[in-house]
Amino acid sequence: MPSFESLFKKFLNDVIKEAAEEKKKEPASAPKPAASEPAPKQEYRPSADVLAHQYEPDEDGHYEIFGISTKTHDEWVAYFKDIFAKYFPEYTLETELSASVLDPTAHPKCKPVSFMLSSGGQYKLAVQLVTTKTYRGLPNKATEKICSDRGIKVLRFYEQCENREDYVADRIKSAL
């Protein structure tokens with residue numbers, strides 16, 4: 001009976017032979033640019049099909065995030081302020097609320113709460129506007145923990161996502 005090692009070696013040899021045969025079948029590739037010419041940079045652009053389905057959850061309920069922001073941070077802030085004014089006029093809105101307002105012992109590097117909704121003098125909901133690079137950072141996590149420890153719900157919206165008006169309003173309504 002052949003040993004595992006000999007079977008493995010035979011398997012590897014077969015794989016290498018098949019790869020070499022496939023390589024021979026491939027058409028000649030386009031000439032590579034000269035070393036003095038930099039290769040043109042390819043920008044990632046999702047296909048129309050991908051864009052059409054980017055906000056449909058997968059089987060685990062997760063959403064695809066492309067990492068491409070379509071607005072500047074200031075444009076996102078203005079966009080969200082309009083949504084709050086339109087759908088939640090009964091709430092008081094504070095923007096860039098320092099974590100030290102919620103906890104005087106908060107570290108000075110804690111990320112301010114992007115939007116805080118309150119009613120009757122009570123904080124009801126913290127909405128964090130984050131990026132895919134900052135949402136897991138300690139400044140953001142610390143602020144979210146401060147809010148959670150005080151019974152304030154926290155929602156996150158990513159600047160790299162579409163954040164359609166109806167989607168944003170529905171999530172906030174559900175949280176309130």
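This passage describes the sheet, the nonpolar cores and one loop residue of a predicted model.

The sheet is open and consists of four strands, arranged in the order β1-β2-β3-β4 with mixed pairing. Strands β1 (92-97) and β4 lie at the edges, and each pairs on one side only. From one strand to the next, the twist averages 25°. Within the sheet, β2 (residues 113-119) and β3 (residues 122-130) are antiparallel and are joined by five bridges. S118 has Y123 in β3 as its bridge partner. Helix α6 packs on the sheet, where it touches β2, β3 and β4. The direction of α6 makes about 170° with that of β4.

The largest nonpolar core contains 17 residues. Those with the most contacts inside this core are F80, F84, F115, L125, L129, F157 and I172. Two or more residues each come from α3 (73-87), β2, β3, β4 and α6. The greatest contribution is that of α3, which gives six residues. When neighbours within four places in sequence are left aside, F84 is in contact with P89, L93, F115, L117, V127 and I172. A second core, separate from this one, has eleven residues, among them L97, L102, C110 and M116.

Residue Q160 is located in the loop that runs between β4 (153-158) and α6 (165-175). Q160 counts as buried because its relative accessibility is 11%, and the cut-off for buried residues is under 20%. In sequence, Q160 and T132 are 28 residues apart; in space, the C-alpha to C-alpha distance between Q160 and T132 is 7.2 Å.

Key. Residues are numbered from 1 along each chain as its sequence is written. This is a predicted model: local features need pLDDT of at least 70, side-chain atom pairs count only at pLDDT 80 or more; totals for chains, interfaces and linings use all residues. Side-chain values use heavy atoms; hydrogens and water are left out. Buried means under 20% relative accessible area, exposed over 50%, partly exposed in between (1.4 Å probe, protein chains only). Two strands pair if DSSP finds at least two bridges between them. Axes are lines fitted to C-alpha atoms, for helices over the stretch in contact, and angles run from 0 to 180 degrees between N-to-C directions. Contact means heavy atoms within 4.5 Å. A nonpolar core is a set of buried Ala, Val, Leu, Ile, Met, Phe, Trp, Tyr and Cys residues joined through side-chain atoms within 4.5 Å.
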